[in-house]
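Got the viewer open? Here's a short walk through the model, one selection at a time.

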Amino acid sequence: MITIGADPEVFLANKEGHPVSSIGKIGGTKHDPIPIENGICLQEDNVTVEYNIPPCKTLDEFIKYNSRALEIIAEKAVKLDLNVLIKAAVRMPAAELKDPRSWVFGCEPDFNVWDMEYNPKPEPHNYRAAGGHVHIGCDINNIQKVILTKLLDISLGAIFSIIDDDVKRKNMYGTAGSIRLKPYGIEYRTLSNVWLRDPALMKVVYETSRNAAIYVTEYSNKNKNLEVSLTKGMLVAINKRKVGHLIELLRNVTHTHRQWIPQSFKDLFLKVQLAYVSHNHINLDKLYESLKENASDEDLYTIDNKASPS
């Protein structure tokens with residue numbers, strides 16, 4: 001059985017939109033999170049608010065738990081005259097970093113499957129990052145966990161690097177290939193929290209993660225060797241948000257890996273291409289507006305006749 005969970009982080013912000021530390025406002029710690037309801041837990045993680053959801057067996061569960069967790073945090077924020085800020089990285093005001101706990105970076109190092117070594121810990125500074133880590137439960141060995149991570153990189157890692165216009169977080173955390181090996185599977189740590197912005201994006205994360213896990217599991221059951229590769233240039237494209245190069249990569253991936261890439265991912269990629277403006281620019285307002293619409297035959301014609309990125 002395959003399950004999909006998550007432990008995303010979000011920021012708090014005041015009415016002017018300036019980030020505010022969560023310390024002393026939410027409660028809970030990494031080692032002692034606060035149970036809220038139905039397996040949802042909250043905690044303060046450095047200056048962010050982190051929540052955990054239980055492992056999900058269905059898409060409806062995944063969307064329901066993530067949406068409810070965000071509602072709970074928003075309710076608590078309103079009582080503090082604050083808002084929830086879903087952003088990958090922010091520069092914290094010095095006044096919000098006076099508490100010593102804001103300089104405690106408790107995360108154990110994560111592993112990079114492309115370099116096959118542990119990622120270095122970031123140097124302390126005023127920027128803080130918020131992840132959208134995905135936990136995938138499936139019965140596979142460590143070699144297959146590496147392959148699964150690479151499949152997630154060429155799909156979710158690539159497309160969300162386009163959708164997330166932040167370039168600061170990956171200087172701290174979340175480069176392509178970042179995972180923690182878990183007894184139940186993997187914690188995929190490349191994604192930021194941007195997928196929390198819309199249920200359509202939650203759907204893409206759930207279905208792509210689940211399909212990739214099924215694909216790896218089926219390959220292993222057939223005793224077949226599955227190889228996934230990326231050039232150094234494409235790894236740089238994911239880590240540095242080279243939009244044109246990522247669109248080229250995804251055009252290839254959605255074709256060569258079409259047997260497991262879900263329709264929700266293909267639909268999102270179509271909308272990304274429609275919002276593509278130039279070599280390293282995408283109209284994000286247009287993209288988010290399009291999430292509420294279905295793609296049309298006219299859209300497909302537009303993509304087929306659109307010049308390839310250069």
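Which residues does Trp 195 touch, leaving out those up to four places away in sequence? Select Trp 195 and show its surroundings: you'll find Ala 6, Pro 8, Phe 62, Asn 66, Gly 132, Val 134, Phe 160, Leu 201, Met 202 and Val 205 in contact with it. Keep in mind as you click around that this is a predicted model.

**Stop 1: the nonpolar cores**

Stay with Trp 195 and widen the view. Trp 195 belongs to the largest nonpolar core, which has 85 residues. Add Phe 62, Leu 148, Phe 160 and Ile 163 to the selection; together with Trp 195, they are the members that touch the most others in this core. Now colour helix 2, residues 142-163: its 12 residues are the largest share that this core receives. Then look for a separate core of 6 residues, lying apart from the big one, and pick out Phe 11, Val 47, Met 92 and Leu 97 among its members. As a rule, nonpolar side chains in soluble globular proteins tend to be buried together.

**Stop 2: a cavity by helix 2**

Next, turn on cavities, if your viewer has them. The whole structure has 3 of 30 Å³ or more, and the one to pick is the second largest, at about 130 Å³. What is closest to its centre? Select Phe 160, Ser 161, Asp 164, Asp 166 and Lys 170, out of 16 lining residues. Phe 160 should look familiar from the core. Helix 2 and helix 4 (232-240) are the elements that each give two or more residues to this lining. Colour the lining by residue type and you get 5 nonpolar, 5 polar and 6 charged.

**Stop 3: Lys 30 and its two partners**

On to the salt bridges, of which the structure holds 12. Select Lys 30 along with Asp 45, and check the N to O distance in their salt bridge: 3.4 Å. Lys 30 sits in the loop between strand 3 (19-20) and strand 4 (34-37), while Asp 45 is in strand 5 (residues 40-45), so this pair ties together parts 15 residues apart in sequence.

Now add Glu 50. Lys 30 makes a salt bridge with Glu 50 too, with the closest N and O atoms 2.9 Å apart. This time the link runs from the loop between strand 3 and strand 4 to strand 6 (residues 48-52), a gap of 20 residues.

Which of these three are buried, and which partly exposed? Switch on the surface and see. Lys 30 is partly exposed, at 40% relative accessible area. Asp 45 counts as buried at 12%, and Glu 50 is buried at 2%.

**Stop 4: more salt bridges**

Jump to Lys 292 and Asp 198, whose side chains meet in a salt bridge at 3.9 Å, N to O. Lys 292 is in the loop between helix 7 (284-290) and helix 8 (297-304), and Asp 198 is in the loop between strand 14 (185-188) and helix 3 (199-221), so the two are 94 residues apart. Lys 292 counts as exposed, at 63% relative accessibility, whereas Asp 198 is buried, at 12%.

Then select Asp 110, Arg 180, Lys 182, Glu 187 and Arg 189 in one go: they are linked in a network of salt bridges.

**Stop 5: three asparagines**

Go back to the strands around Lys 30's partners and select Asn 38, in the loop between strand 4 and strand 5. Check its backbone: phi is near 50 degrees, a positive value in a residue other than glycine. Asn 38 is exposed, with a relative accessible area of 57%.

Asn 46 is the next one to click, in the loop between strand 5 and strand 6. Its phi is positive as well, near 55 degrees. Is Asn 46 buried or exposed? Buried, with a relative accessible area of 13%.

Finish at Asn 112, in strand 9 (residues 111-112). Asn 112 counts as buried, at 4% relative accessibility. Beyond the residues up to four places away in sequence, Asn 112 touches Glu 117, Asn 119, Thr 175, Ala 176, Gly 177 and Ser 178. For a last distance, draw a line from the C-alpha of Asn 112 to that of Ser 21: 29 Å in space, for two residues 91 apart in sequence.

Key. Residues are numbered from 1 along each chain as its sequence is written. This is a predicted model: local features need pLDDT of at least 70, side-chain atom pairs count only at pLDDT 80 or more; totals for chains, interfaces and linings use all residues. Side-chain values use heavy atoms; hydrogens and water are left out. A nonpolar core is a set of buried Ala, Val, Leu, Ile, Met, Phe, Trp, Tyr and Cys residues joined through side-chain atoms within 4.5 Å. Buried means under 20% relative accessible area, exposed over 50%, partly exposed in between (1.4 Å probe, protein chains only). Helices (H or I, at least four residues) and strands (E, at least two) are DSSP runs, numbered from the N terminus. Contact means heavy atoms within 4.5 Å. On a 1 Å grid over the protein atoms alone, a cavity is a set of points where a 1.4 Å probe fits but cannot get out, and a pocket is an open set with protein on both sides within 12 Å along at least five of seven lines; lining residues have an atom within 4 Å of a point. Grid points are joined across faces, edges and corners, and a volume is the space filled by probe spheres set on the points. Ala, Val, Leu, Ile, Met, Phe, Trp, Tyr, Cys and Pro count as nonpolar, Asp, Glu, Lys and Arg as charged, and the others, Gly among them, as polar. A salt bridge is a side-chain nitrogen of Lys or Arg within 4 Å of a carboxyl oxygen of Asp or Glu.
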